[in-house]
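Me: Please take a close look at one residue in this model and at what surrounds it. I would like one connected account.

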Amino acid sequence: MESERIQLNVRITKETSAKLDEIVEYYQQGLKLGRIYKGDVLTDIVEKSYEVMLKQKKLNRRYI
């Protein structure tokens, strides 16, 4: 079951957009799953970053 989606409208620099295009191309070549969309790549990046953040928070709580 796919979760509900929302649309985000954001302004980014041309440089950031070019980097995103390059990342999408990298995903496209590496995954061989067909067409990869920017939204899918951004979702993956956010999910992975969120996991890293949670691990860091958990580690920080251990040492307090």
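Reply: The residue chosen is Gly39, which lies in helix H2, spanning residues 38–62. The model is a predicted one. Gly39 has a relative accessible area of 36%, and it counts as partly exposed because that value falls between the 20% limit for buried and the 50% limit for exposed.

The next point is the pocket beside this residue. Gly39 is among the residues nearest the centre of the largest pocket, together with Leu8, Lys38, Leu42 and Thr43. In total, 17 residues line that pocket, and its volume is about 540 Å³. Two elements, H1 and H2, each give two or more residues to the lining. H2 provides the largest share, six residues. Sorted by class, the lining consists of seven nonpolar, five polar and five charged residues.

A distance leads from Gly39 to the core. Val24 is 15 residues away from Gly39 along the chain, and their C-alpha atoms are 9.5 Å apart. Val24 belongs to the largest nonpolar core, a set of five residues that also includes Leu20, Tyr27, Ile36 and Val41. Helix H1, covering residues 14–31, supplies the largest share of this core, with three residues.

Another core member, Tyr27, has contacts that can be listed. Leaving aside residues up to four places away in sequence, Tyr27 touches Lys32, Ile36, Val41, Asp44, Ile45 and Lys48. Of these partners, Ile36 and Val41 are themselves members of the largest nonpolar core.

Definitions and conventions: Residues numbered from 1 in each chain as written. Predicted model: local features only at pLDDT ≥ 70, side-chain atom pairs only at ≥ 80, totals over all residues. Heavy atoms only, no water. Helix = DSSP H or I, 4+ residues; strand = E, 2+ residues; numbered from the N terminus. Buried < 20%, exposed > 50% of the residue type's maximum accessible area, 1.4 Å probe, protein only. Core = buried A, V, L, I, M, F, W, Y, C linked by side-chain atoms within 4.5 Å. Contact = heavy atoms within 4.5 Å. 1 Å grid on protein atoms, 1.4 Å probe; cavity = no way out; pocket = protein on both sides within 12 Å on 5 of 7 lines; lining within 4 Å. Points joined across faces, edges and corners; volume = space filled by probe spheres on them. Nonpolar A, V, L, I, M, F, W, Y, C, P; charged D, E, K, R; others polar.
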